[in-house]
Amino acid sequence: MCASRTPAEWDETFEMFVDMTLGYMALNMGQRYLNRIERLPMHTSIRTSHEYMLELLNQHPDRMFNKIRMYRPCFEMLIQVLRQQTALQNSRYLTLEEQVMIFVYVISQKATNRMAMEDWQHSGSTISVVFTRICKAIASLSQTFIKAPNFAAIPDEIRWNPKYYPYFQNCVGAIDGTHIAAHAPADVANNFRGRKSTVTSNMLAICSFDMLFTYVVTGWEGAVHDSRVLTTQLEDPTSGFPHPPPGKYYLVDSGYSNKPGFLAPFRNVPYHLRDARRRAGGINGPTELFNYRHASLRNYIERCFGVLKARFPILRYMTNFSLIRQREIAMCCCVLHNFIRLHNRGDPLFDRYGVDGVMPPPDSDSDDDAPSSSGTTRGEGANSRNDNNFANDMRDRIMFEMYLNNN
């Protein structure tokens, strides 16, 4: 047992404790003071974000295109539209032009927050706030720039091409799905794994033959088949799906059913353009001829996806945004795709992919060759089967007319 201490010893111990505590506090405060003195500002480039924007706007036009994938006249029109149709304005420290350029830079360069901080000399929180604000504003313009086609008109790309006219004169567009890179929480990640086990989301789109998107739905899990996405949109009265009028139809691939409003190719017959062009014997028989021309015309949707992903690589390398934000980003890319198509007919990417027969890189997670998970819609009965028979008869008429005129 320890001997009890005298009052003098207790006083001495207490004084030592106080001295140690005060010494630690003084040392800590001194260190914090020194850190504050020695802290170096991070964003100290002599070129501010405003100066960088002016540099891109006023120097060689290809510098701006390489950085944000659009030229100055188109960018200035975009700013004008955003001022007129959204609530966006200059912020306290950033002009609207700077904010929009930062956003388009990120999606065009698949840039991380740190990369944007360095290039634009702003804090990470500022970059994040700007990105979110502009993303929501551009996504809100989807109904303005993504519209249903003119069902009454015959597209010029069909009317003036003897490969397609008069056979596809009632065609009003092409439908397909594409997979875009995604980040998903661990508890739902398996729902987003596509055929290649990569985490993706599925986007369904319709395009006109002018390479404009006329309908887009984003955010579906990558494991969901294209045909299920389409079926769900058709059954949802609030989806805004542009149903073609009687006698008109969209082109779809073999993953979808051939039925009124949707013209599919013949199954178990060579279809893809790459397959047809590699064959030494060429095209044999009416079904192969129909499938080849069907694939050639439906190729417009593949080329639209090719332009979209070449312009906005973030769709191939999505960074860690929330699922809601990822869906908005994909929609923003489609809105900007249409905006650029409408306001810059000389755009290099549209020129590259706009040539008939150009084949973009294949989508590694495409459902084109996958069996449909729902070849028929739920609740199909005799009427639906009769409709499908009518669609099959129409396809046969087109096929034979095409084959007879080709010989």
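Which loop holds Lys110? Here's a set of close-ups to settle that and a few other spots, all taken from a predicted model.

**View 1. Lys110 sits in the loop between helices H5 and H6.**
The helix ahead of this loop is H5 (96–109), and the one after it is H6 (113–120). Take a look at the backbone here: Lys110 has phi near 45 degrees, a positive value in a residue other than glycine. Its relative accessible area comes to 36%, so Lys110 counts as partly exposed.

**View 2. The whole chain, for orientation.**
Before zooming in again, it helps to have the parts list: 15 helices and 5 strands. The chain runs to 407 residues, and buried ones make up 48% of them. Take the contacts between residues at least 6 apart in sequence, and 70% of those join residues at least 24 apart.

**View 3. An open sheet of 5 strands, with mixed pairing.**
Reading across, the order is S3-S2-S1-S4-S5. The edges belong to S3 and strand S5 (262–263), each of which pairs on one side only. Helix H12 (residues 285–311) packs on this sheet and touches strand S1 (171–181), strand S2 (200–207), S3, S4 and S5. The direction of H12 makes about 50 degrees with that of S1. Another helix, H13, lies across S1, S2 and S3, and runs at about 165 degrees to S3.

**View 4. The S4 and S5 end of the sheet, where the pairing is parallel.**
Strand S4 covers residues 249–251 and pairs with S5 over 2 bridges. To find your way around, start from Tyr250: its bridge partner in S5 is Phe262.

**View 5. The S2–S3 hairpin and its turn.**
At the other edge strand, S3, the pairing with S2 is antiparallel, with 6 bridges joining the two. One handy landmark is Leu204, whose bridge partner in S3 is Val217. S3 is mostly covered, with 7 of its 9 residues buried. The hairpin leaves 5 residues between its strands. Met211 lies in that loop between S2 and S3, and its phi is near 65 degrees, again a positive value in a residue other than glycine. Is Met211 buried or exposed? At 1% relative accessibility, it counts as buried.

**View 6. A cis peptide bond between Tyr165 and Pro166.**
Follow the backbone from Tyr165 to Pro166 and you'll find omega near 10 degrees. Pro166 has its place in the loop between helix H9 (156–159) and S1, the strand spanning 171–181.

**View 7. Inside the second largest pocket, with about 310 Å³ of space.**
There are 19 lining residues, and the closest to the pocket's centre are Pro149, Asn150, Ser208, Leu212 and Thr214. Which elements each supply at least two residues of the lining? Helix H8 (142–145), strand S3 (213–221) and helix H13 (323–343) do. So what kinds of residues make up the lining? The lining divides into 11 nonpolar, 5 polar and 3 charged residues. Two of the contributors should look familiar from the sheet view: S3 is an edge strand there, and H13 lies across it as well as across S1 and S2.

Key. Residues are numbered from 1 along each chain as its sequence is written. This is a predicted model: local features need pLDDT of at least 70, side-chain atom pairs count only at pLDDT 80 or more; totals for chains, interfaces and linings use all residues. Side-chain values use heavy atoms; hydrogens and water are left out. On a 1 Å grid over the protein atoms alone, a cavity is a set of points where a 1.4 Å probe fits but cannot get out, and a pocket is an open set with protein on both sides within 12 Å along at least five of seven lines; lining residues have an atom within 4 Å of a point. Grid points are joined across faces, edges and corners, and a volume is the space filled by probe spheres set on the points. Helices (H or I, at least four residues) and strands (E, at least two) are DSSP runs, numbered from the N terminus. Ala, Val, Leu, Ile, Met, Phe, Trp, Tyr, Cys and Pro count as nonpolar, Asp, Glu, Lys and Arg as charged, and the others, Gly among them, as polar. Two strands pair if DSSP finds at least two bridges between them. Contact means heavy atoms within 4.5 Å. Axes are lines fitted to C-alpha atoms, for helices over the stretch in contact, and angles run from 0 to 180 degrees between N-to-C directions. Buried means under 20% relative accessible area, exposed over 50%, partly exposed in between (1.4 Å probe, protein chains only).
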